[in-house]
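I'm opening a fresh page for a structure I haven't looked at before. My plan is to jot down what I look up as I go.

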Amino acid sequence: MPKQTFILNGKSVTVNVADDVRVLWVLRDILKVTGPKYGCGINVCKACTSHVNGKAFNPCSVKVGDLKRTDEITTIEGLATLDGRKDLHPMQQAWIDRDVAQCGYCQPGQIMEAVALARRVRRERRSITEADLDAIRNVCRCGTYTRIREAVVQGARAMGPND
Amino acid sequence: MTSTTVQPAEHPDESGRGLGRRRFLGYVLGGSTLVTAADLSLGRAAHAAGIKSAPQVSEIYDLEDLQTDAALPTAQLIQIEINRDGTASFAIPRMEVGQGIVTSTAMIIAEELDLPVEKVRVTLAPARPELLLNQLTGGSNTTFSTYTPIRVAAALARGALIEAALPLLEANADRIQVIAGTITNIDTGESIGFGDLSEAAAWPVDRISEVVLKEESDFTVIGTPRNRTDARAAVTGAKEFSMDLDIPGALPTMVCRPPTLNGTPERLLNRREVMRMDGVTHVAKTSRGIAVRARTFGQCIDAIRAMKVSWNAGSVEGESDETILAELRGAELPFTPLTQIPDLPLGNRTLEIDCEFMFRSSAALEPYAAIASVTEDSAEIWGGLKVPILAQQDIAQMLGMSQEQVTVNVITGGGSFGHKLFSDHAIEAAECSRAFGNVPVRLMWHRADEPRQGRLHPMVTSRVRAATGGGLLGGGRKVYGYEQRNTSVVTDFSHGLGEMITSISADDLPLNLGELTYSQSIFLLTQELGYDFGAVTQLLNEVDDRFNTGSMRNIYSPDTRVAAEMMVDALAKDARMDPMEYRLEFLRNENTKRALRKVCKEGNWGRTMPPGTAQGIAIHREYKGTTACLVEIDCRPATVNRKIREAVTGPRVTKGVFAVDAGLVINPRGLEAQMMGGFADGLALTLTSSVHLKAGHFLEASWDNYFYTRQWNIAPEFEVHVLESDRPGPGGAGEAGVAATAAATANAYVRAMRIDPTKQTMRFPVNHDTSLSAFTPKSFVPPVPVSPTNGLKLTR
């Protein structure tokens, strides 16, 4: 069985599993990191959204064998603890302030998407627009979309240069 | 535990404001720490009285009453425990699915106990067979039915703690105060915490005790907006759903399902090949397909895609939307002859509305999922289950065990929307565990399985006819008769709500529902038109039980209300009146008028809007409450034809204003959240989301096929107004946001599009026919799509 090594939430991990198993299942079923959720398995619902090297990606659509040893995967569990911060990421705090979650199933993915969006517009030296919010593909079957929009804007404003 | 029946010490008075409403009996249970209990059936207040003329069934006795009354004959104790660490524990016999009952229940207990909400631990009770019908989460009934008993148990605990504290503090009862879980002697300043009193307040044997509940005017927790108690867990990934539980040995399990609806497996033709696949541990035939257990779900998917299976025919081979619709059309009930409508003047006119509502999937984002660990003589289940007792019974029967041999743990659900009223997933998990030779399994449905083989909201037609007046001197305003005839594919109520009806003898029901089917009874118990339209009848007729259906959030109401409110707009137009003014003239209930006035004021009703855009309004009455909604819609080509990858865009609701009178509100923030969610559902029902039946199977298999409301569909502007209520107790909230939204959206749509709905059949969702071209159906063999591998090219 091949050994797969990558960095997960700041720590190097090695797993014995076939190359073609998607990262989502390596995280959830083998490493028991269950923040990223299954909602479709085909990169549509975005419930599993996490970060690879600081950008949003969907682990349901990446073979574990395609990860490099130096690739840094961040799941919702690792969002706040990076950079030595132990409390909440500003985006998580915005989510709490707006009491966004209902069932909560999609929210880890929503938050990881929101953080990536905030970083993207920062790279583009602009702020989040209604069009950016309209383009978020993450499904929320509880229909929390209105509060998500409010929280994304609030969280992005609160994010510092290292967030 | 004693079997004494608990009754209110005094009969509740009708006004609901006197002392009698607040005085109850409950128990202090024998034990080493303080445990108090109240009978869950205390939740029932006196029937509403004083309805003056020809009420519909649901005005005097509705689904809330039915669910609450179903429990009356049994003593069903719920308990609050005061722990040594100063916290209080309560296991609610209901399921949290996102609707916020864990939070609101903690608030109710905190209020009555004078304990901080953070110190109240609310968990979900496992299946408790002794609760019989009183462990069903549905019909927006949780707070309505549990509010009083929970308060009684909490107030008893507070009383027992005070009683124990008095000698220790050397205080008289009138010289102490209770604040935030601490009892203080006002004169000496000495104080003692609940935790330190837990043992002293305990009694060696059960005793019955009287208690007076707090005055509502003294509430400081109830009615104050509060964030969810699980908010932090939800945003850090710590909140656990069924598939996140680490049950030893419970490996991922999925089922290869048939290519047509409800087909059954004949044989797996390449078993040896599948067994050799990487990670696969077990393969077995089950009643609904071929199950596979593997190290990861990804390997289950791979195995399913490799399976070669011979299948038996399904339940609707060859059928399509058109054939089912034709079947419904053929079963439609006629309207009453006009000659039988009282006082109908000569020169009367009739208006008709004819609507078709297509099949919709009620699936949540968390697909059906459950863990099962079955042995020769026991079974333990973990899953999101709204009727866990029925799951326990069904699983016991399937496994040939007694009910006591089956433990059913209720896990917080990732949404439900009526989907988890059924226990299909738990039963299937137990079946797989047994079929594999009694090994633990973690069963999950693939997303593709949900719209294709899962529970649906049935296809419905709704026809409305209103007979209006002779046109003489304003007579045209009056409506002499309103008739609504819904014809539907059968809604499956075998999850327990149906049993509730049969458990109540016909004599106890205010009107004779005894001769009706489950579905017809529930229809009558939920539908209240709300307008003074003369002779009003709303009837349901059902045909065809071959589909997997269920009571999707708000059950019959959105469809019924859409057709009804379109008729109200048509009547207003006929009377040359403004739709708001017309409603205000004919609405029977003052609270409904108030809600309507509120949304019209806040939403600037009647403002001038560009061609292709319009406002729409609607009201709804249900769950002991009332709602109103105003929307603005944009149907201009630039909006309708927006291009978003793999999406249905279509008309966009650009603004939503919602008002709700839900009676006493426990948590306004939670109530607003439920209206917001219901609003998103209402948009989906009217505009975008449906499944298409073709050649015996449903085509949808993905969230990019089934067009539930997405960010590009949601209204950029949305506000909720929670109205002060003159009703004393709480109503229902979980479903209350859907119907008025769906109807207001339909009304706005036809106005913007300049459609006269009395002249043409309306099909909902309006995008049903065009959304077919928005996706290519995924394969039926294999029944699940391959997971992509290009994710690293799509980072963003």
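**Entry 1: the two faces of β4(B).** This is a predicted model, and I started with strand β4 of chain B, residues 88-92. Which of its residues sit on the covered face, and which on the uncovered one? I found Ala88(B), Phe90(B) and Ile92(B) on the covered face, while Ser89(B) and Ala91(B) make up the uncovered one. That back-and-forth fits a rule I noted in the margin: side chains in a regular strand alternate between the two faces of the sheet.

**Entry 2: neighbours of β4(B).** Next I looked up what β4(B) pairs with. Strand β3 of chain B, residues 77-82, pairs with β4(B) in the antiparallel sense, over 3 bridges. Ala88(B), from the covered face of β4(B), is the bridge partner of Ile82(B). The hairpin of β3(B) and β4(B) has 5 residues between the strands, and in it I spotted Gly86(B) with a positive phi near 85°.

I then turned to strand β5 of chain B, residues 120-124. How many bridges join it to β4(B), and do the two run parallel or antiparallel? There are 5 bridges, and the strands run parallel. Here Ser89(B), from the uncovered face of β4(B), has Arg121(B) in β5(B) as its bridge partner.

**Entry 3: Leu269(B).** Still in chain B, I moved along to Leu269(B), which I found in the loop between β11 (264-268) and α7 (271-275). Is it buried or exposed? Its relative accessible area is 48%, so I wrote it down as partly exposed. Leaving out residues up to four places away in sequence, Leu269(B) touches Lys308(B), Val309(B) and Ser310(B). Lys308(B) is 39 residues away from Leu269(B) along the chain, yet their C-alpha atoms are separated by 5.4 Å.

**Entry 4: chain A as a whole.** I switched to chain A and listed its secondary structure: 6 helices and 5 strands. From the N terminus on, I read the order as β-β-α-β-β-β-α-α-α-α-α.

For overall shape, I checked the radius of gyration, which is 15 Å. A compact globule of 163 residues would come out near 15 Å, so chain A agrees with that. Along its principal axes, the C-alpha trace spans about 45 × 30 × 25 Å. Buried residues make up 66% of the chain. Of the contacts between residues at least 6 apart in sequence, 57% join residues at least 24 apart.

Last, I looked at surface and charge. The accessible surface of chain A is about 5700 Å², with 46% belonging to carbon and sulfur atoms. I noted 25 positive and 18 negative side chains, with the centres of the two sets 2 Å apart.

Technical notes:
Residues numbered from 1 in each chain as written. Chains lettered and ligands numbered in written order. Predicted model: local features only at pLDDT ≥ 70, side-chain atom pairs only at ≥ 80, totals over all residues. Heavy atoms only, no water. Helix = DSSP H or I, 4+ residues; strand = E, 2+ residues; numbered from the N terminus. Buried < 20%, exposed > 50% of the residue type's maximum accessible area, 1.4 Å probe, protein only. Contact = heavy atoms within 4.5 Å. Rg over C-alpha atoms; globule rule 2.2 N^0.38 Å. Areas by Shrake-Rupley, 256 points an atom, 1.4 Å probe, with all protein chains shown as cover. Lys, Arg positive; Asp, Glu negative; His and termini not counted. Charge placed at Lys NZ, Arg CZ, Asp CG, Glu CD. Pairing = 2+ DSSP bridges.
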